[in-house]
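Student: I'd love to go through this model with you, one question at a time. Shall we take a look?

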Amino acid sequence: MNPVHCGLRRGRVEFANSVRAGQDIAYYVIVSLIVLVVLWLNRDTTLPDTDVSVALFMLPGLLALQIVFSGAYGMATQLATEREDGTLLRLKSIPGGMTGYVVGQMLRTTLEIAFSMAIVLIPAFFFIPGLTANGLTGWMEAIGFLLLGLLAVLPLGFAIGSVFKSPRMVGGWGMLVMGGIIWVSGIFFPLAQMAGWAQVLGQLTPTYWLGLGLRSALLPEAAAAVEIDGSWRTLAAVGVLLVWAVVGFLVAPPLLRRMARRESGSSVAARREKALQRV
């Protein structure tokens, strides 16, 4: 069978299983409720010297964080987990197995992100002021940035997951990196009003540029006054995300092939034995 077709079916099946699992549904609901509570508490607060709601300013950054967290950290954790339990070794022995796996994981992650965003956005339309002010054009632009953001971070997730040999290593270092990214990405506070070093680090991350692009699509033009240089820098946002995507698609495939070549029954058994010793 065609590996791409098999991968698409795999992605649909895994997503369907996810939304039927009680633990996964609880995760979706709890995280979404936390985001909605944060937005609700800030709905009536405005940015200094503007009439833009803080909730409206925060929403694009939270959507960007969802893309980066699920597309990079989540994907890397999934890859490391299935490397440790022998799933990737079995797929390696099937013609086109790794291609189908990559396609399936990309589709599953995309569907999960869309599902999570729907849980947040549908209620948000009813209480965040100005969310629909830019009309259909603004939302079409926002969808374009979301898709570009996915292209920028999904290869990064595969690259990270192929380097680390266990989900615990991804979890430890990954959460530390994600915490730093959240701090300097301008999600909760305009980056222009942060320290100079934080501005430099923030502009090196895809999260900031994806959040900036989404803000340019969903916020009024006056809100650009709180950004660096007082503008949305839309072309720069598109350019940086494209660079991340191109670099990711250049780096991830060789790392995945290298990881697949090194997989063997003995290596999987050794990792399992090591995991059992920790337990």
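Student: Does Tyr 73 count as buried or exposed, and what is its relative accessibility?

Tutor: Happy to help; keep in mind that this is a predicted model. Buried means under 20% relative accessible area. Tyr 73 falls under that cut-off, so the residue counts as buried, at a relative accessibility of 16%.

Student: Which kind of aromatic pair do Phe 69 and Tyr 73 form?

Tutor: These two residues are 4 apart in helix α3, so about one helical turn separates them. Phe 69 is partly exposed, with a relative accessible area of 24%. The ring centres of Phe 69 and Tyr 73 lie 4.9 Å apart, with 40 degrees between the planes, and the pair is tilted.

Student: And which kind of pair do the rings of Tyr 208 and Trp 209 make?

Tutor: Tyr 208 is buried at 0% relative accessibility, and Trp 209 is buried at 5%. Planes over 60 degrees apart count as edge-to-face. The rings of Tyr 208 and Trp 209 have centres 5.1 Å apart and planes at 75 degrees, so this pair is edge-to-face.

Student: Nice! How is the packing of α9 against α10 classed by angle?

Tutor: Helix α9 (residues 206–218) packs against helix α10 (residues 234–262) at about 140 degrees, with the axes 9 Å apart. Angles over 145 degrees would count as roughly antiparallel, and 65 to 115 as roughly perpendicular. The angle here fits neither range, so α9 is oblique to α10.

Student: Which residues are linked into a cluster by ring pairs?

Tutor: The whole structure holds 7 aromatic pairs. Ring pairs build a cluster from Phe 15, Tyr 27, Tyr 28 and Phe 115.

Conventions: Residues numbered from 1 in each chain as written. Predicted model: local features only at pLDDT ≥ 70, side-chain atom pairs only at ≥ 80, totals over all residues. Heavy atoms only, no water. Axes fitted to C-alpha atoms, helices over the stretch in contact; angles between N-to-C directions. Parallel < 35°, antiparallel > 145°, perpendicular 65-115°, else oblique. Phe/Tyr/Trp six-rings, centres within 6.5 Å; stacked < 30°, edge-to-face > 60°. Buried < 20%, exposed > 50% of the residue type's maximum accessible area, 1.4 Å probe, protein only.
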